[in-house]
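Got the structure open in your viewer? Here's a short tour, one selection at a time.

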Amino acid sequence: MRYQISDGTVRAGSTLVLEHFDFQIRSGEKLALTGPNGAGKTTLLRLIDGELSLDRDDRRRGPGIIIEGNPLIRMLHQQPFADLDQTAAQAVLQEERSAADPYGQTGPADKGESMPAAPDRTGEEVWSREQFECEQAFLRAFTAMGFRRQDQDKRLCEFSGGERTKIALIQILLQKADILLLDEPTNHLDFQALEWLEEQIRSYPGAVVLVSHDRFFLDETVQAVYAFEGKKLRRYSGGYSDYCRQRAALMRKWIKQYQEQEQEARRLEGLIRKFSGRPRKAVFARSRKKILERMDRIGRPQQGPEYIFTGSIDPLTAGPKWVLSLDKLCFGYDRPLMEISLRVRRGQKIGILGANGVGKSTLLKTLAGLLRPLSGSFLIPDKLEVGYFDQHSARLLAQRAGDEQTVLSFYRSAFPNLSEKDARTELAHYLFRGASAMEKVSALSGGESARLALALLLGRRPGMLLLDEPTNHMDIPARETLESAFGSYTGTILFVSHDRYFIEQVADCLLILEDGKALYYPFGYRHYIKRQRELAGQKGKGAAARIEAENMALVEGLRSVPKGSSLQSRQLSDDEAFYEWRLGLAQKKLDVICSRIEELQSRLQEMRDYSLLQFCTGEKAADEPELEQIQAALTEIYPEFTRAALQWYDVMQDAHPED
């Protein structure tokens with residue numbers, strides 16, 4: 001199967017979307033379309049689906065679109081169902097059943113109805129088997145999307161719009177099209193459903209073309225990215241992160257070539273001015289002018305919509321080594337959610353994970369002083385300034401600014417020592433460039449208000465940031481700008497986010513709230529996901545990947561300890577620190593058991609020696625019950641030794657699998 005567009009031009013109504021572009025889908029390939037809102041990503045999907053056609057173009061030779069193999073193409077639409085009175089099961093399975101049913105209907109015919117000749121029993125069994133497998137696949141997908149089994153009998157009108165989109169996604173996956181077109185399939189999905197969908201797309205036998213703002217999802221699923229650049233498409237190999245690296249490399253090359261050409265142009269212009277008035281040098285000057293005129297000028301590099309911070313953003317006061325200590329802190333509203341003990345080292349950036357309602361936002365509010373602890377305590381150094389952000393902070397901006405203040409005037413009122421030029425420069429770093437700096441604060445969108453609130457927060461240079469969903473309602477350029485800003489920030493961050501790519505870019509460790517416990521994971525999000533996948537199916541080993549939060553200081557301490565006895569002036573890597581910590585715990589447990597065995601064996605030998613001496617001298621024999629107790633203790637402790645030794649060996653194998 002091959003789908004190819006060569007030298008195509010397409011419009012949406014009267015608007016030119018793409019001109020003279022090339023595009024190709026290979027069999028089984030997973031592709032992403034990326035670009036700013038309004039660039040034409042959905043328009044291209046509609047073109048592939050056959051809803052739109054290429055413009056007629058005198059320049060193009062050939063048909064423009066070449067399709068080999070007559071592929072089945074299906075697209076996930078925003079309004080997928082016309083009949084909302086049917087149940088979820090009927091909506092998904094009806095088309096599958098009608099295609100597989102040898103009678104051409106979803107069930108046996110009523111009496112008196114004409115009906116085609118019954119197929120042979122083998123065909124009927126095949127049909128029944130296919131129907132059964134299809135229903136089972138539907139139920140697996142339905143529950144993976146967060147529905148209950150009984151919800152399959154609810155009518156579509158009883159589901160929300162987001163839930164109907166989930167059902168449509170299940171339907172289109174079960175159709176097994178050769179080319180699957182998905183426009184924002186990750187909307188309304190939680191982490192569990194996202195991971196399920198990622199696996200479905202990775203293992204999908206056909207080709208998939210995706211449009212999604214979930215960059216982590218794209219990293220996990222696609223093999224190439226088509227980027228909308230102006231009215232053209234450029235193909236990049238790899239996932240979204242690969243695309244970003246390649247695009248940055250191309251931009252650096254473009255800037256270098258532009259600067260070199262501009263330097264050469266200025267040199268030629270200088271020679272022309274210098275020698276054009278001299279008769280003996282007139283020929284030379286004219287030749288330089290012809291060279292300049294024939295120069296294929298490189299366009300000025302266009303700055304991307306995002307801003308990349310190149311320097312560090314340092315707090316005014318960074319604080320001591322440990323900037324936050326929680327001692328059996330119990331938090332919640334009318335009931336306690338959990339108790340947590342934790343120490344946070346200066347400069348750590350901790351992403352807080354957990355299901356909705358587990359207490360992530362409540363914990364941040366408690367640490368920010370907006371809620372009283374139910375019991376226990378936490379300590380933040382007196383001179384350490386703490387900055388707190390949530391969506392309510394963004395909404396308060398308009399009230400504080402009033403109806404007339406602009407972004408620029410409001411920012412300058414917060415930092416009166418800044419000149420207008422410096423204030424504009426700072427605001428440009430957060431994408432308030434040119435005229436957008438003169439917009440009224442009261443007219444900003446939710447994402448723009450959040451961006452301004454975070455610009456004000458970082459401008460104060462606090463020592464610690466507590467951030468609750470800082471990127472909600474923001475587009476990708478705004479998120480990438482904030483990722484760069486928080487990456488340059490050298491203070492401490494504790495944050496909650498549902499954007500997995502943002503978590504991966506910002507967090508260097510994780511705090512996982514689940515089942516009433518706080519678990520600490522000493523690495524980033526991608527490492528955590530990889531580790532969880534490795535441990536899937538290994539019963540009893542999942543806990544080894546995570547650590548009780550109160551023990552996290554042990555891991556952090558190991559990072560700065562030189563490895564071995566060579567007194568190396570380097571920190572341990574993440575993996576080394578983690579395995580050193582695990583190995584230390586296993587070794588300590590083994591040492592305790594060995595010491596106990598040695599103590600019992602020594603005592604047993606002493607009693608046996610004493611008994612022999614008493615027997616030889618005719619004295620009273622040693623106390624038999626005590627001997628039996630020691631022997632029983634040894635019998636009980638030997639299995640513990642075996643388990644501890646095997647645990648130590650497992651850790652060694654994890655750290656050195658080649659041994």
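We'll start with the whole chain and then go through some helices, helix pairs and salt bridges.

**The whole chain**

One thing to keep in mind before you click: this is a predicted model. Show the full protein chain as a cartoon, and you have 19 helices and 19 strands to look at. The chain has 659 residues, and 44% of them count as buried. Now think about contacts between residues with a separation of 6 or more: 68% of those contacts in the protein chain join residues 24 or more positions apart.

**Stop one: helix H1**

Select residues 41-49, which is helix H1. Which residues of this helix are buried? They are Lys41, Thr43, Leu44, Leu45, Leu47 and Ile48. Now step along to glycine 50, which follows H1 and has a positive phi, near 90 degrees.

Stay around here for a salt bridge. Show the side chains of arginine 46 and glutamate 51: they meet in a salt bridge, 3.1 Å from N to O. Arginine 46 has 27% relative accessibility, so it counts as partly exposed. Glutamate 51 is at 44% and counts as partly exposed too.

**Stop two: helix H9**

Jump to residues 360-367, helix H9. This helix is mostly covered, with six of its eight residues buried. To see them, pick Lys360, Thr362, Leu363, Leu364, Thr366 and Leu367. Then move on to glycine 369, which comes after H9 and has a positive phi, near 85 degrees.

**Stop three: H11 beside H13**

Next up are two helix pairs. Two packed helices are described by the angle between their axes and the distance between the axes.

Select residues 407-414 for helix H11 and residues 446-459 for helix H13. Their axes come within 11 Å and cross at roughly 25 degrees. Angles under 35 degrees count as roughly parallel, so H11 is roughly parallel to H13. The crossing of H11 and H13 is right-handed.

Which residues make the contact? On the H11 side, show Val407, Phe410, Tyr411 and Ala414. On the H13 side, show Leu452, Ala455, Leu456 and Gly459. Sorted by type, the residues of this contact of H11 with H13 are seven nonpolar, one polar and no charged.

Here's some background for looking at a helix: an α-helix has 3.6 residues a turn, so residues three or four places apart point the same way.

**Stop four: H13 beside H14**

Keep H13 on screen and add residues 476-488, helix H14. The axes of H13 and H14 come within 12 Å and cross at roughly 15 degrees. That angle makes H13 roughly parallel to H14. The crossing of H13 and H14 is left-handed.

For the contact, select Arg451, Leu454 and Leu458 of H13 together with Ala478, Leu482, Ala485 and Phe486 of H14. In this contact of H13 with H14, six residues are nonpolar, none is polar and one is charged.

**Stop five: more salt bridges**

How many salt bridges does the model have? The count comes to 29.

Go to arginine 235 and glutamate 29, which form a salt bridge whose closest N and O atoms are 2.5 Å apart. This pair links distant parts of the chain, 206 residues apart. Arginine 235 sits in strand S9 (residues 232-237), while glutamate 29 is in the loop between strand S2 (15-26) and strand S3 (30-34). Is glutamate 29 buried or exposed? Glutamate 29 has a relative accessible area of 8%, so it is buried. Arginine 235, at 31% relative accessibility, counts as partly exposed.

Then try glutamate 229 and arginine 234, another salt bridge, where the closest N and O atoms are 2.9 Å apart. Glutamate 229 is partly exposed at 29% relative accessibility, and arginine 234 is partly exposed with a relative accessible area of 39%.

To see salt bridges that share partners, select Arg215, Arg247, Glu306, Arg479, Glu480, Glu483 and Asp499, which are joined into one network.

**Last stop: lysine 289**

Finish by selecting lysine 289, which is in helix H8 (residues 282-294). Lysine 289 counts as partly exposed, at 45% relative accessibility. Now add leucine 268: the two residues are 21 apart along the chain, and their C-alpha atoms are separated by 7.4 Å.

Conventions: Residues are numbered from 1 along each chain as its sequence is written. This is a predicted model: local features need pLDDT of at least 70, side-chain atom pairs count only at pLDDT 80 or more; totals for chains, interfaces and linings use all residues. Side-chain values use heavy atoms; hydrogens and water are left out. Buried means under 20% relative accessible area, exposed over 50%, partly exposed in between (1.4 Å probe, protein chains only). Helices (H or I, at least four residues) and strands (E, at least two) are DSSP runs, numbered from the N terminus. Axes are lines fitted to C-alpha atoms, for helices over the stretch in contact, and angles run from 0 to 180 degrees between N-to-C directions. Angles under 35 degrees count as roughly parallel, over 145 as roughly antiparallel, 65 to 115 as roughly perpendicular and the rest as oblique. A crossing is left-handed if the near helix is turned anticlockwise from the far one by less than a right angle, and right-handed if clockwise. Contact means heavy atoms within 4.5 Å. Ala, Val, Leu, Ile, Met, Phe, Trp, Tyr, Cys and Pro count as nonpolar, Asp, Glu, Lys and Arg as charged, and the others, Gly among them, as polar. A salt bridge is a side-chain nitrogen of Lys or Arg within 4 Å of a carboxyl oxygen of Asp or Glu.
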